[in-house]
Amino acid sequence: MNRYVQVITTVSKRSEADKIARVLIDKKLAACVQIIGPIKSAYRWKGRIENAKEWICLIKTRKTLYKKVESAIRKIHPYEVPEIIAMPIVAAGKDYLKWLSDETLRR
């Protein structure tokens, strides 16, 4: 089951989230990208507490594609230090995982 991950990244504009989704899906690096937002993020950056409106991208992919997904995101992500984290998918329906496999690159 640990063959799949959900990668998470956040961006400051809906158009940036749409671009990430389009690139990853076009390249078959992700089967699905869900965009949620806007949300409010609070964080410390360069010694200051910041508050920002952001959009979350939830990216479903194969674990073996993580490095390619991260690289593709970094090429278009506007942040100096983007959040790009992967969480294992520990359980999912058999049909969903088959679809996820069918819609992503085989490594």
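The exercises below, each with a worked solution, concern a predicted model of one protein chain.

**Exercise 1. Establish how many helices and strands the protein chain has, and in what order they run.**

Solution. Begin with the count: the protein chain contains three helices and four strands. Next, follow the elements from the N terminus, where they run β-α-β-β-α-β-α. Finally, turn to the overall dimensions: the C-alpha trace spans about 45 × 25 × 20 Å along its principal axes. The radius of gyration is 14 Å, which agrees with the value near 13 Å that a compact globule of 107 residues would have. Of the contacts with a separation of 6 or more, 73% are made by residues 24 or more positions apart, and buried residues make up 38% of the 107 residues.

**Exercise 2. Work out the strand order of the sheet, and decide which strands lie at its edges.**

Solution. The four strands form an open sheet in the order E2-E3-E1-E4, with antiparallel pairing. The edge strands are E2 (32-45) and E4, each of which pairs on one side only. Neighbouring strands of this sheet are turned against each other by 30 degrees on average, when direction is ignored.

The next step is to examine individual pairs. E2 and E3 run antiparallel and are joined by 12 bridges, and in this pair Trp45 stands opposite Arg48 in E3. E1 and E4, which also run antiparallel, are joined by four bridges, and here Gln6 stands opposite Met87 in E4.

The last step places a helix against the sheet: H3 (residues 94-102) lies across E1, E2 and E3, and runs at about 95 degrees to E3.

**Exercise 3. Determine which residues of helix H2 are buried, and why they can be assigned to the same side of H2.**

Solution. In H2, which covers residues 66-76, the buried residues are Tyr66, Val69, Ala72 and Ile73. They can be assigned to the same side because they cover an arc of only 130 degrees around the axis. The underlying rule is that an α-helix has 3.6 residues a turn, so residues three or four places apart point the same way.

Now consider the opposite face: the one turned away from the buried side carries the exposed residues Lys67 and Lys75. To complete the picture, ask what the buried residues meet; they pack against strand E1 (4-11), helix H1 (14-26), strand E3 (48-62) and strand E4 (85-88).

**Exercise 4. Locate the residues Lys28 and Lys46, which have positive phi without being glycine, and classify the exposure of each.**

Solution. Take Lys28 to begin with: this residue, although not a glycine, has a positive phi of about 60 degrees, and its place is in the loop between H1 and E2. With a relative accessible area of 33%, Lys28 is partly exposed, because that class lies between the cut-offs of 20% and 50%.

Then take Lys46, whose phi is near 55 degrees and which is found in the loop between E2 and E3. The hairpin of E2 and E3 has two residues between the strands. The relative accessible area of Lys46 is 61%, and Lys46 is therefore exposed, since the cut-off for that class is over 50%.

**Exercise 5. Find the cis peptide bond that joins Gly37 and Pro38, and place Pro38 in the chain.**

Solution. The cis bond joins Gly37 and Pro38, with omega at about 5 degrees. Pro38 itself has its place in strand E2.

**Exercise 6. For Thr104 and Pro82, decide whether each residue is buried or exposed, and list its contacts beyond four places in sequence.**

Solution. Thr104 has its place in the segment after H3, and with a relative accessible area of 2% it is buried. Once neighbours within four places are left aside, Thr104 is in contact with Lys28, Leu29, Ala30, Ala31, Thr61, Arg62 and Leu65; Lys28 was placed above in the loop between H1 and E2. As a check on distance, the C-alpha atoms of Thr104 and Ile59, which are 45 residues apart along the chain, are separated by 12 Å.

Pro82 lies in the loop between H2 and E4, and is buried, with a relative accessible area of 11%. Under the exclusion of neighbours within four places, the contacts of Pro82 are with Arg74 and His77. The C-alpha atoms of Pro82 and Glu70, 12 residues apart along the chain, are separated by 9.9 Å.

Terms used: Residues are numbered from 1 along each chain as its sequence is written. This is a predicted model: local features need pLDDT of at least 70, side-chain atom pairs count only at pLDDT 80 or more; totals for chains, interfaces and linings use all residues. Side-chain values use heavy atoms; hydrogens and water are left out. Buried means under 20% relative accessible area, exposed over 50%, partly exposed in between (1.4 Å probe, protein chains only). The arc is that of the directions from the helix axis to the C-beta atoms. Contact means heavy atoms within 4.5 Å. Two strands pair if DSSP finds at least two bridges between them. Axes are lines fitted to C-alpha atoms, for helices over the stretch in contact, and angles run from 0 to 180 degrees between N-to-C directions. The radius of gyration is taken over C-alpha atoms; the globule rule is 2.2 Å times the number of residues to the power 0.38.
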